[in-house]
Amino acid sequence: MLCEARPAVVAQQMQHSAPSVPSTRLNIRTYEGKTLTLSPEDLAALPHKSVVVFNAHTKASETYSGVPLADLLSKAGVPLGESVRGRLFMTGIVAEGTDNYGVLYSLAEVDPAIHTGDVIVADMLDGKKLDKDGAFKMVSTEDRRPARWVRNLTAISVVKVEP
Ligand SMILES: Nc1nc2c(c(=O)[nH]1)N[C@H]1C(S)=C(S)[C@@H](COP(=O)(O)O)O[C@H]1N2
Ligand SMILES: [Mo]
C-alpha cells in the first residue's frame, strides 16, 4: 500500500537519481550493420565545437564541448548534406544511455547542412570532464527541455523508419 499513488513528479525524480553506470565506450551502428567504436580518447582527439545551452531542468547556462554528431555519422559512412534525398529522410538516429534510456532524433535534424542548431556528443561541461555523466553525453541546442540530452551515452543506432 505504501508504494501506491506515488506522485508523478516523485517518480520522475527517482528515475533521475537512479545509480548511473558511467559510459566508457560509444558504439555507432549503421543500418548496414557497420559499427564504429570510440573510446573517450578517440573522441577527445577529434575536432570539437562548444555550445552554450540553457538547462531548463537546472535553470543554469551550461557550456558543453564535444564532437558534432554529424561528423561521427560521416565517419561511420552515413550519408549527409546533399546526399540526403528521398527515403533517406525516413532515417532515425536512436541514442541510448547505459541505463537503457533512449531517445529518437531524425537524420535530417542532426545534420547542420539541413537543420538549424547543433547536436553534439559532448565530453566536457564548463571546461571539465563530465564526471558522473560518463565519458559521453548527447546535447542538442534546439530542445526546450533537456529530455533528449542523454547522459552516459553509449550507443547510437542509425535506423530505417518503415511505417
Ligand atoms: N541516460 C539518461 N539520460 C537522461 C535521462 C535518463 O533517465 N537517463 N533523463 C532525461 C531527462 S527526462 C532529463 S529532464 C534530463 C535531466 O538531466 P539532469 O538530471 O542531468 O539534469 O536528462 C535526460 N537524460
Ligand atoms: Mo525530464
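Ala, Val, Leu, Ile, Met, Phe, Trp, Tyr, Cys and Pro count here as nonpolar, Asp, Glu, Lys and Arg as charged, and the others, Gly among them, as polar. The model on screen is predicted.

**Whole chain**

Start with the protein in cartoon view. It has 3 helices and 10 strands, and their order along the sequence is α-β-β-α-β-β-α-β-β-β-β-β-β. Colour by relative accessibility next: 37% of the 163 residues count as buried.

**Ligand 1**

Select ligand 1 and its surroundings. The shell consists of 10 residues, and the closest are His57, Asp99, Tyr101, Trp149 and Arg151. By class, this shell holds 5 nonpolar, 3 polar and 2 charged residues.

Now show the side chain of His57, where an N or O atom is 3.0 Å from an oxygen atom of ligand 1. Add Arg151: one of its polar side-chain atoms lies 2.9 Å from an oxygen atom of the ligand. For Trp149, turn on the backbone, since a polar backbone atom of this residue is 2.5 Å from a nitrogen atom of ligand 1. How much of ligand 1 does the protein bury? Taken alone the ligand exposes 530 Å², and the protein buries 89% of that.

**Second largest pocket**

Hide the ligand and select Pro40, Glu41, Ala44, Asp123, Met124, Lys129, Leu130, Asp131, Gly134, Ala135 and Phe136, which line the second largest pocket. The space in this pocket is about 190 Å³. Under the classes given at the start, its lining divides into 6 nonpolar, 1 polar and 4 charged residues.

Which elements each supply at least two residues of this lining? They are α2 (40-44) and β7 (119-125). Colour α2 separately, as it gives the most to the lining, with 3 residues.

**Two loop residues with positive phi**

From β7, move to the loop between β7 and β8 (128-129) and select Asp126. Its phi is near 50°, a positive value in a residue other than glycine. Is Asp126 buried, partly exposed or exposed? The cut-offs are under 20% relative accessible area for buried and over 50% for exposed, with partly exposed in between. At 43% relative accessibility, Asp126 therefore counts as partly exposed.

Finish at Lys59, in the loop between β3 (49-55) and β4 (60-68). Phi is positive at this non-glycine residue too, with a value near 55°. Lys59 counts as exposed because its relative accessibility is 64%.

Key
Residues numbered from 1 in each chain as written. Chains lettered and ligands numbered in written order. Predicted model: local features only at pLDDT ≥ 70, side-chain atom pairs only at ≥ 80, totals over all residues. Heavy atoms only, no water. 1 Å grid on protein atoms, 1.4 Å probe; cavity = no way out; pocket = protein on both sides within 12 Å on 5 of 7 lines; lining within 4 Å. Points joined across faces, edges and corners; volume = space filled by probe spheres on them. Helix = DSSP H or I, 4+ residues; strand = E, 2+ residues; numbered from the N terminus. Near = heavy atom within 4 Å. Polar contact = N/O pair within 3.5 Å; in protein donor to acceptor, adjacent residues only side chain to side chain. Areas by Shrake-Rupley, 256 points an atom, 1.4 Å probe, with all protein chains shown as cover. Buried < 20%, exposed > 50% of the residue type's maximum accessible area, 1.4 Å probe, protein only.
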